[in-house]
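Colleague: I should like a close look at a single part of this predicted model. Please take one helix and the sheet it packs on, and then follow the surroundings outward from there.

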Amino acid sequence: RDTSVTGVQTCALPISAGSRALHIWNRSKPADDAYPYLANKGVSANGLRIFKGALVVPLYDTAGKLHSLQFISAGGAKRFLKDGRVSGLYFPIGRPDNVLCIVEGYATAASVHAATGYAAAVALNAGNLEPLARALREKYPEMQIIICADDDTYGKCNVGMEQAHKAARATGALIAIPAFGDNRPQGAKDFNDMALHFEIGRAHV
């Protein structure tokens, strides 16, 4: 279609995922701890926002640039912004001092941060643990990094533990594994599950 004043045929350039992410983020509203997903998990919002009824988790690179978003429904269903990047990106909770924890999911990271006071980096999935750990090791070469693993013991393979060990080996990080004692609830696998199991919610892990 000819849309130019010169008579030269033009077409619209595609909008990048980063641009769409920024547009949505700027239109979203601050979330509070009463949002159903957060309340069910017993964690705080830590700066997350709400857009069209969904919780919005921003994904940044280590320079602080926004690239994509994760959306979490009130019931816990999760999806990423279409065509958005994930590898090497994260959502930061707290400011790193001497220790930085890398955690798969938002609720788990929020539980770890609330219990320990350590900064936590939300990797969003197990496959991003190693790319994110490498990126953060480059940014913080002297930082004590702890990979807080999901113990996916109920699956055919323990993806959470496997990816956590890969990330630790690649970056010289430590690994922390949730402990549930003798009465482990069915399906429990991460530090948020551990906090809820011991009824310590936001206070301790």
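Modeller: The buried residues of α3 pack against α2, β6, β7, β8, β9 and α6. Those buried residues are Tyr106, Ala107, Thr108, Ala109, Ala110, Ser111 and Val112. The helix itself covers residues 106-116, and just after α3 the chain takes a positive phi of about 80° at Gly117.

Several of these packing partners belong to one sheet. Five strands form this open sheet, in the order β6-β8-β7-β9-β10, with mixed pairing. At its edges stand β6 (91-93) and β10 (174-176); each has a single partner strand, so one side of each is left without a neighbour in the sheet. Neighbouring strands of the sheet are turned by 25° against each other on average, direction ignored.

The pairings can be followed strand by strand. Strand β7 (residues 99-103) runs parallel to strand β8 (residues 119-122), and four bridges join the two. Within this pairing, Leu100 stands opposite Ala119 in β8. Five bridges join β7 to β9, again with the strands running parallel; here Cys101 stands opposite Ile146 in β9. From β9 the sheet continues to β10 through three bridges, and these two strands are also parallel. Cys148 has Ala176 as its bridge partner in β10.

How enclosed is β9 by the rest of the structure? Four of the five residues of β9 are buried, and the strand is therefore largely enclosed by the rest of the structure. Helix α4 (residues 129-139) also has a place at this sheet: α4 lies across β7, β8 and β9 (144-148), running at about 160° to β7.

The helix α3 is also part of the largest pocket. About 250 Å³ of space lies in that pocket. Its lining consists of 17 residues, and Lys78, Thr108, Asp150, Lys189 and Asp190 lie nearest the centre. The elements that give two or more residues to this lining are α2 (36-41), α3 (106-116) and α6 (191-197). Of the elements, α3 gives the most, with three residues. Thr108 thus appears in both descriptions: Thr108 is among the buried residues of α3, and Thr108 is one of the residues nearest the centre of the largest pocket. By character, the lining divides into four nonpolar, five polar and eight charged residues.

The loop between β10 and α6 leads from an edge of the sheet towards one of the helices named above, and Asn183 has its place in that loop. Is Asn183 buried or exposed? With a relative accessibility of 61%, Asn183 counts as exposed, because that value is over the 50% cut-off. From Asn183 to Ala133 there are 50 residues in sequence and 32 Å in space, C-alpha to C-alpha.

A further set of strands lies earlier in the sequence, centred on β3. Strand β3 (residues 54-60) is mostly covered, with seven of its seven residues buried. In a regular strand, side chains alternate between the two faces of the sheet. In β3, Ala54, Val56, Pro58 and Tyr60 point one way, while Leu55, Val57 and Leu59 point the other way, and all are buried.

Strand β3 has an antiparallel pairing with strand β2 (residues 49-51), made by three bridges. The bridge partner of Arg49 in β3 is Val56. The strands β2 and β3 form a hairpin with two residues between them, and Lys52 in the turn has a positive phi of about 50°. Strand β3 is also joined by six bridges to strand β4 (residues 66-72), and this pair runs antiparallel as well. Leu55 stands opposite Ile72 in β4. The hairpin of β3 and β4 has five residues between the strands, and Gly64 there takes a positive phi near 90°.

These parts belong to a protein chain with six helices and 10 strands. Of its 205 residues, 45% count as buried, and the C-alpha trace spans about 75 × 35 × 35 Å along its principal axes. Among contacts between residues at least 6 apart in sequence, 54% join residues at least 24 apart.

Key: Residues are numbered from 1 along each chain as its sequence is written. This is a predicted model: local features need pLDDT of at least 70, side-chain atom pairs count only at pLDDT 80 or more; totals for chains, interfaces and linings use all residues. Side-chain values use heavy atoms; hydrogens and water are left out. On a 1 Å grid over the protein atoms alone, a cavity is a set of points where a 1.4 Å probe fits but cannot get out, and a pocket is an open set with protein on both sides within 12 Å along at least five of seven lines; lining residues have an atom within 4 Å of a point. Grid points are joined across faces, edges and corners, and a volume is the space filled by probe spheres set on the points. Ala, Val, Leu, Ile, Met, Phe, Trp, Tyr, Cys and Pro count as nonpolar, Asp, Glu, Lys and Arg as charged, and the others, Gly among them, as polar. Two strands pair if DSSP finds at least two bridges between them. Axes are lines fitted to C-alpha atoms, for helices over the stretch in contact, and angles run from 0 to 180 degrees between N-to-C directions. Contact means heavy atoms within 4.5 Å. Buried means under 20% relative accessible area, exposed over 50%, partly exposed in between (1.4 Å probe, protein chains only).
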